[in-house]
Amino acid sequence: MFGFANPYPYILYILLFPVNGNKNILLISSFFLGLIIDMFCNSGGIHAMACTTLAFVRPNLFRFSFGISYEYQTVKIADKITSERISYILLAIFIHHFILFLFEYFRFTLFFEIIYSTLVSTILSFIICLLIIYLIKPNKR
């Protein structure tokens, strides 16, 4: 049986990085975040590649999920959870895990195992990410 990625939300850093923040800093820091995880997991660079790819496609995910709100830089992920935020988080986690498992298995004959592992890990990571976002969300009093 094939293993799953840790459903721990280390990609929350990439997801919750400010929308109008410096994109070069996000790319470099995402690479180093993945590299540190690779050093501890001894996984040969797949986390660094998946994190960097997610940071690279993040503006396109914002445009897809939020539309005109992204263009006016009025997006805040930690606010109340709406369908746009759910679609953004789900797509981002799915893309990250798909790239991670695609290069971990590195065979197209294992396509169904890649999809299965991606879906299960995406669901677990999504639940944990939502719980953490709700826990760290600032109260407006």
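**View 1. N42 sits in the loop that joins helix 2 to helix 3.** This is a predicted model, so local features are taken at a pLDDT of at least 70 and side-chain atom pairs count only at pLDDT 80 or more, whereas totals for chains, interfaces and linings use all residues. Residues are numbered from 1 along each chain as its sequence is written, and side-chain values use heavy atoms, with hydrogens and water left out. Helices here are DSSP runs of H or I with at least four residues, strands are runs of E with at least two, and both are numbered from the N terminus. N42 has a positive phi of about 55°, even though it isn't a glycine. That's worth a look because most residues other than glycine have a negative phi. N42 is exposed, at a relative accessible area of 72%; exposed means over 50%, buried under 20%, and partly exposed in between, using a 1.4 Å probe and protein chains only.

**View 2. The whole protein chain is built from six helices and zero strands.** Follow the sequence and the pattern reads α-α-α-α-α-α. Of the 141 residues in the protein chain, 39% are buried. Among contacts with a separation of 6 or more, 66% link residues 24 or more positions apart; a contact means heavy atoms within 4.5 Å. The accessible surface comes to about 8,500 Å², and 69% of that belongs to carbon and sulfur atoms. Areas come from the Shrake-Rupley method with a 1.4 Å probe, and for residues only the protein chains shown count as cover.

**View 3. I28, F31 and F32 make a nonpolar patch on the surface.** The patch covers about 290 Å². To join a patch, a residue needs over 30% relative accessible area and no salt bridge; nonpolar side chains (Val, Leu, Ile, Met, Phe, Trp, Tyr) are linked within 5 Å, and like charges within 9 Å. A salt bridge would be a side-chain nitrogen of Lys or Arg within 4 Å of a carboxyl oxygen of Asp or Glu. F31 belongs to helix 2 (residues 23–41), and its relative accessible area of 36% makes it partly exposed.

**View 4. Helix 3 (residues 46–66) has a bend at R58.** The bend is about 45°, and a proline, P59, follows within four residues. That angle is the one between axes fitted to the seven residues ending at the spot and the seven starting there. Even so, the 21 residues of helix 3 reach 29 Å from first C-alpha to last, close to the expected 30 Å; the expected span is 1.5 Å times one less than the number of residues. Just past the end of helix 3, G67 takes a positive phi of about 65°.

**View 5. I14 of helix 1 is tucked in among other residues.** I14 is buried, with 0% relative accessible area. Skipping residues up to four places away in sequence, I14 touches L26, S30, C51, L54, A55, R58 and Y88. Take A55: its C-alpha is 6.3 Å from that of I14, though the two are 41 residues apart in sequence.

**View 6. Helix 5 (residues 83–105) leads into F106.** Helix 5 has 23 residues and spans 32 Å between its end C-alphas, close to the 33 Å expected. Its buried residues include R85, Y88, H96, H97 and Y105. Helix 1 (12–16), helix 3 and helix 6 are among what covers the buried residues of helix 5. F106 lies in the loop between helix 5 and helix 6. Its phi is near 55°, a positive value in a residue other than glycine, and F106 is exposed at 61% relative accessible area.

**View 7. Helix 6 (residues 111–136) packs its buried residues against helix 1 and helix 5.** The 26 residues of helix 6 reach 36 Å from first C-alpha to last, close to the 38 Å expected. Among its buried residues are S117, T118, S121, T122 and S125. An α-helix has 3.6 residues a turn, so residues three or four places apart point the same way. T118 has 0% relative accessibility; leaving aside neighbours within four places in sequence, T118 is in contact with F94, H97, F98 and F101.

**View 8. I127 of helix 6 is paired here with P9.** I127 is partly exposed, at 44% relative accessibility. I127 and P9 are 118 residues apart in sequence, yet 9.5 Å apart in space, C-alpha to C-alpha.
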